[in-house]
Structure formats: structure tokens, C-alpha cells
Amino acid sequence: FDTLVSAQVERLVVEGVSAGDCVSVLGRNSLEQIAMMFAVWRLDGLLLPLNRRLGVENWITQLRECGCRLLFYDPQYYDANEVEVQGRLAGLLRRYH
């Protein structure tokens, strides 16, 4: 698990995430999501987990209010909302894998 978290930390650093930055996650509970959470915390970042049962409008409001730099998503879940979300969250989206 530590290896997975360390790999996610490296990915976040490449994306420009640093202490105090907000990063969001959207998807089903998974090892990748938990690893991303720990990676954000290792960098002293803020984590905003989005409730996948809430709608796109709610996600957008939360992301904007928290000033999130990135939204990591589970591609198995995201595909259902891809068209609607893509245009409104351009620049924030990153896949877990």
C-alpha cells in the first residue's frame, strides 16, 4: 500500500499539487481512492471527497467553493456523466489509473 501511495504522491507533485492545495476524489470506494486520499494528506493538502450519489451541479458547487485544483475520478463511474461534466470541469479532471 505504501508503494501505491508513494506513486500517487509523485503523480500529485508532477501535477503541481503542494501543501494547502485542495484535491477532490469521485468514485466508488477502492484501493486507488484510498491511496489518493493518503497521498494528498502526505503533501499536507486538503481532500474533498465528492458523494457520487449527488448530481453534477452539487459537485461543481463544492469544487468551486473549495477551490479544488484537481478532481481524480474512477473511470468506471465517471463514464455515466462524462458528457455533462467534461465541459464544465475542463482542466480539473484526472483518472485514478
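These legends accompany close-up views of a predicted model. Residues are numbered from 1 along each chain as its sequence is written. In this predicted model local features need pLDDT of at least 70, side-chain atom pairs count only at pLDDT 80 or more, and totals for chains, interfaces and linings use all residues, while side-chain values use heavy atoms, with hydrogens and water left out.

**View 1. Helix α1 and its span.** Helices here are DSSP runs of H or I with at least four residues, strands are runs of E with at least two, and both are numbered from the N terminus. The 13 residues of α1 (residues 2-14) should span 18 Å at 1.5 Å a residue, and the end C-alpha atoms are indeed 18 Å apart. After the helix comes Gly-16, with a positive phi near 90°.

**View 2. The two sides of α1.** Val-5, Gln-8, Val-9 and Leu-12 are the buried residues of this helix (buried means under 20% relative accessible area, exposed over 50%, with a 1.4 Å probe and protein chains only). Seen down the axis, these buried residues fall within an arc of 105°, so they line one face of α1. Thr-3, Glu-10 and Val-14 are exposed on the other side. The cover over the buried residues includes β1 (22-26), α2 (31-42) and β3 (70-73).

**View 3. Leu-12 in the largest nonpolar core.** Such a core joins buried Ala, Val, Leu, Ile, Met, Phe, Trp, Tyr and Cys residues through side-chain atoms within 4.5 Å. Of its 15 residues, Leu-12, Val-17, Val-23, Met-36, Val-40 and Phe-72 touch the most other members. α2 gives the most to this core, with five residues.

Methods. Expected span 1.5 Å × (residues − 1). Arc of directions from axis to C-beta. Contact = heavy atoms within 4.5 Å.
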